[in-house]
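Here is a short tour of one protein model, written for someone who likes to check contacts and accessibilities directly. Keep the viewer open as you read.

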Amino acid sequence: MEMAMRSDKQTRRITGLAGLILAAALIGGATGCGGHEADHAAIEERTPLTVTAAAATAEDWNDGIVISAGVQPYQRATPSTVLMGRVDRILRKEGERVRKGEVLARIDSRDVSAQVAQAEAGVAAARAMEQNARLMKERMERLQARNSATQKDLDDATAGYEAAGANLRAAEEGVKAAQSYLAYSEIKAPFAGLVTDRMIEVGDMAAPGRPLFIIEDTSRVKIEGQVPESLAAGLAPGDPIEVEIGGESFDAELTELLPTADPRSRTFTARVLMENPDGQLRSGMFARLRLGGQSRSLVTAPVNAIVSRGPLTGIFVIADDSTARLRWVTLGRTRDEMVEVLSGLKAGERVVLEPATALEDGRPVEVR
């Protein structure tokens with residue numbers, strides 16, 4: 001009995017010891033896994049992240065007055081017709097480029113064609129009468145020379161010939177007028193340009209003075225804005241002016257300052273002409289004109305280097321130890337994919353372009 005009790009106690013002691021050993025092994029294994037993960041994270045933080053970089057630059061930007069403006073075509077026309085007729089064919093549509101004199105549409109011209117034919121028949125009749133009157137005049141001249149006709153007979157024949165000639169010329173002008181009306185049955189482009197709008201369809205009734213198309217010549221464009229009266233006094237054609245369109249900046253000259261002010265706004269229209277051979281600038285685009293002021297040197301950085309953290313704006317600067325340091329900056333104007341950095345950055349410092357999400361303050365980087 002006593003031996004059985006000792007054996008049972010010994011068995012429980014061994015089982016408990018085994019459990020302690022197993023638990024210790026499990027805890028040790030778990031601790032070992034956690035340590036590997038921590039080591040892996042630490043190694044990753046120390047691994048340089050490959051980035052692209054660019055240097056902040058010092059640029060001279062004009063600090064003058066900025067006014068809103070708009071892009072207008074150099075020429076704009078609305079071809080129409082003087083005929084009343086049904087639209088028979090449309091040969092050009094919106095977005096197509098046309099040459100000067102190219103036919104855009106045709107109007108049913110059967111009535112006008114009939115008028116032309118009638119006028120030509122009138123010319124044939126008038127020409128026959130003119131020839132007959134000429135022969136009569138020549139006959140009277142011969143008879144009068146032989147004293148076989150009186151002077152009055154010759155005068156009457158001469159007057160008849162002159163009247164017949166006048167009738168012939170009137171009939172010929174009638175043909176020209178009818179043919180000019182026939183020409184109006186073809187709507188033609190007044191200059192080379194772009195069809196920006198079409199206000200008719202096949203079967204519509206064209207009426208005199210009704211616009212049928214809008215043609216714009218955008219090989220050159222006009223940039224127009226309203227200049228305050230106080231600034232207009234100091235401007236003159238030829239003055240340098242900066243034009244901003246679609247994030248790009250162009251150096252230009254003031255072409256014209258219209259002499260009359262708008263009586264309601266007391267502003268003058270400033271006009272800048274710009275060449276546009278590739279059609280990059282389109283009618284109706286928003287623009288800004290920067291007038292007057294002085295150029296000042298400022299620090300700029302690429303727009304794609306800017307990062308946002310809530311309401312804050314920052315930029316990753318590559319330090320001397322090849323780590324990326326997030327620096328909070330104050331930004332100004334944007335121009336040509338560059339942004340003005342008012343504070344927090346110096347010219348020459350390298351900044352990370354298009355920083356990845358994994359990039360954090362202090363992370364080692366390697367510039368590709």
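## Surface, salt bridges and cores

V82 counts as partly exposed, because its relative accessibility is 39%. The coordinates come from a predicted model, and V82 is a good place to start looking at it: the residue sits in the loop between β3 (65–77) and β4 (85–90). Together with Y181 and Y184, V82 makes a nonpolar surface patch of about 280 Å².

**Salt bridges**

How many salt bridges does the count come to? The answer is 16. Three of the pairs are set out below.

| Pair | N to O distance |
|---|---|
| E102 and R92 | 2.4 Å |
| R327 and E349 | 2.9 Å |
| R264 and D262 | 3.7 Å |

Let's begin with R327 and E349, whose side chains form a salt bridge with the closest N and O atoms 2.9 Å apart. R327 belongs to strand β19 (residues 323–328), while E349 is in the loop between β21 (338–343) and β22 (350–353), so this pair ties together parts that are 22 residues apart in sequence. With a relative accessible area of 29%, R327 is partly exposed. Elsewhere, salt bridges that share partners join R92, E96 and E102 into one network.

Within that network, the side chains of E102 and R92 meet at 2.4 Å, N to O. E102 lies in the loop between β5 (97–98) and β6 (103–107) and R92 in the loop between β4 and β5, so their bridge ties together parts that are ten residues apart in sequence. Is E102 buried or exposed? E102 counts as buried, because its relative accessibility is 12%. R92, at 26%, counts as partly exposed.

The pair R264 and D262 has an N to O distance of 3.7 Å. Here R264 counts as exposed, with 79% relative accessibility, and D262 counts as partly exposed, at 24%.

**The nonpolar cores**

Now for the interior. In soluble globular proteins, nonpolar side chains tend to be buried together. The largest nonpolar core in this model has 23 residues, and those with the most contacts inside it are I223, V243, V272 and L289. Which elements give two or more residues to this core? They are β3, β10 (213–228), α4 (229–232), β11 (240–245), β12 (248–253), β14 (267–275) and β15 (286–291). Of these, β14 gives the most, with four residues.

L289 is a handy residue to select in the viewer. Leaving aside residues up to four places away in sequence, L289 touches I65, V66, I67, A69, I223, G225, I241, E242, V243, A270 and V272. A second core, separate from the largest one, has 15 residues, including A77, A105, V195 and F213.

**Two backbone details**

If you are going through the backbone torsions, two residues deserve a look. N147 has a positive phi of about 60° although it is not a glycine. N147 is found in the loop between α2 (110–145) and α3 (151–183), and at 70% relative accessibility it counts as exposed.

S322 likewise has a positive phi of about 60° without being a glycine. S322 is placed in the loop between β18 (312–318) and β19. Its relative accessibility is 36%, so S322 counts as partly exposed.

Technical notes:
Residues are numbered from 1 along each chain as its sequence is written. This is a predicted model: local features need pLDDT of at least 70, side-chain atom pairs count only at pLDDT 80 or more; totals for chains, interfaces and linings use all residues. Side-chain values use heavy atoms; hydrogens and water are left out. Patches are made of residues with over 30% relative accessible area and no salt bridge: like charges are joined within 9 Å, nonpolar side chains (Val, Leu, Ile, Met, Phe, Trp, Tyr) within 5 Å. Accessible areas come from the Shrake-Rupley method with a 1.4 Å probe; for residues, only the protein chains shown count as cover. A salt bridge is a side-chain nitrogen of Lys or Arg within 4 Å of a carboxyl oxygen of Asp or Glu. Buried means under 20% relative accessible area, exposed over 50%, partly exposed in between (1.4 Å probe, protein chains only). A nonpolar core is a set of buried Ala, Val, Leu, Ile, Met, Phe, Trp, Tyr and Cys residues joined through side-chain atoms within 4.5 Å. Contact means heavy atoms within 4.5 Å.
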